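User: Hello! I am new to this structure and would like a close look at one part of it. Could you pick a helix and a residue in it, and show me how they sit in the whole?

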Amino acid sequence: MEWITVFTIFARLSGTFSVYVIRKMETWLGKLEFFSRVSSAPAGDVNSRVSPASSGNINAKVSPAPSEAVKKQDDPGSVVVKDEAEPHCRCLGRNTIANAAAKVGPAVVNIAVPQGFHGITLGKSIGSGTIIDEDGTILTCAHVVVDFQGIRRESKGKVDVTLQDGRTFEGTVLNADLHSDIAIVKINSKTPLPTAKLGSSSKLRPGDWVLAVGCPLSLQNTVTAGIVSCVDRKSSDLGLGGMRREYLQTDCAINAGNSGGPLVNIDGEIVGVNIMKVQAADGLSFAVPVDAVAKIIEHFKKRGRVVRPWLGLKMLDLNKMIVAQLKERDPSFPNVQRGVLVPMVTPGSPADRAGFHPGDVVIKFDGKPVESIKEIIEIMGDRVGMPMKVVVQRANDNVVILTVTPEEANPDM
């Protein structure tokens, strides 16, 4: 390079200090020459790592955030980035709610049931339902199609069903469970029927967006939106007697006629069945979780009714904080981390006959460790009359093994 030669001759004449300066100049000029060559070379000759904003010859669609390393083709100047879709974003977009409503809406039906007194028809009770199978199976609420004495006498098990597209059918009440307030209605159609998909309520969290679809006050095809307020609201919290039940609590607007309609997630899947609201408050609506509904439907298919084992125990889920508080009150309380406390035993019940005592802590049921009432219910399933081993821990850490045989619960309990 001509510059280097000139500066070297000058350095020999100028002494040691100038030599030092010129050597620094040589280093800098060498780097300048290298970058000059790279910038003037064709883009295809660069074999180095390609940045996301590179102008080189990239022969594939480049993802903003590729999940796999860049792979080279036979041509060393081109690279391939795997065109892998990003994980689905569950953000609430402009059309999210509208798309979910459009997906489930055609399958939501209006159910009208004749009402009367001593054989005189006085009007019709209006409710909602959802077609969940192409064979015409409709999911709805029991209180929409039956009364507490069974099938409404004026309807004789028949209901009027109107679809969103205007078609009308006569429906037959196949099954109804008053305890869970879930019923199945069947219609027959020679033409295809729209259906909605059952989702999963176990994936819901407080704050998730949901839709309530139905026919409130006979206004068909009504959609309201809100969020999940609670995923496990207990029936005892609502002052409801009988056996333990859990509900989804939402702030969706629910009115008379919404009963039996679907609670829907933003994917357009059914996650619950709307059954009631608190009359004296706004934004307090409740639905039966679809996971519980799916089990009820299986009972219907298997036996035509829901079979519930009964032990005769009042139970309470324990955690570390509750255990610590109980041990402060009574140092002899069992030394457990979790389990199910038995505060009361019904006299004459299967649990009473098995030897359960108030204050027992259930730690194993039918050979499986348990930490919640829900786990005990799932273990029992519909097994009635079958002995089960239960391990309980009592005061001063006394461990006892009991054998209990569940009975079928009275439907009126």
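Analyst: Here is a walk from the whole chain to one helix, then to one residue in that helix, and finally to the cores.

Please keep in mind that this is a predicted model. The chain has 413 residues, and 38% of them count as buried. Its secondary structure consists of eight helices and 24 strands. Taking contacts between residues at least 6 apart in sequence, 55% link residues at least 24 apart. About 23700 Å² of the chain is exposed, with carbon and sulfur atoms supplying 55% of that area.

Let us start with the sheet that our helix meets. Six strands form a closed barrel in the order β11-β12-β13-β16-β15-β14, and their pairing is antiparallel. From one strand to the next, the twist averages 45°. The helix to look at is α3, residues 96-104, which packs on this sheet. Helix α3 touches β11 (209-214), β12 and β14 (262-265), and its direction makes about 40° with that of β11.

One of the strands touched by the helix, β12, covers residues 222-234 and pairs with β13, residues 246-250, in the antiparallel sense over four bridges. In this part of the barrel, Arg233 stands opposite Tyr247 of β13.

Now let us zoom in on one residue. Thr96 has its place in helix α3. Is Thr96 buried or exposed? Thr96 counts as buried because its relative accessible area is 15%, and the cut-off for buried is under 20%. A polar atom of the Thr96 side chain lies 2.6 Å from the backbone nitrogen of Gly93. Leaving out residues up to four places away in sequence, Thr96 touches Cys91 and Ile266.

To finish, step back to the nonpolar cores of the chain. The largest has 44 residues, and the members that touch the most others are Ile111, Ile138, Val145, Val159 and Leu163. Helix α5, residues 290-303, gives the most to this core, with five residues. Leu163 shows what such a residue has around it: beyond its neighbours within four places in sequence, Leu163 is in contact with Val109, Ile131, Phe169, Ile187, Leu193, Pro194 and Gln220. Another core lies apart from the largest one and has 21 residues, including Ala354, Val362, Ile379 and Met380.

Key. Residues numbered from 1 in each chain as written. Predicted model: local features only at pLDDT ≥ 70, side-chain atom pairs only at ≥ 80, totals over all residues. Heavy atoms only, no water. Helix = DSSP H or I, 4+ residues; strand = E, 2+ residues; numbered from the N terminus. Buried < 20%, exposed > 50% of the residue type's maximum accessible area, 1.4 Å probe, protein only. Contact = heavy atoms within 4.5 Å. Areas by Shrake-Rupley, 256 points an atom, 1.4 Å probe, with all protein chains shown as cover. Pairing = 2+ DSSP bridges. Axes fitted to C-alpha atoms, helices over the stretch in contact; angles between N-to-C directions. Core = buried A, V, L, I, M, F, W, Y, C linked by side-chain atoms within 4.5 Å. Polar contact = N/O pair within 3.5 Å; in protein donor to acceptor, adjacent residues only side chain to side chain.
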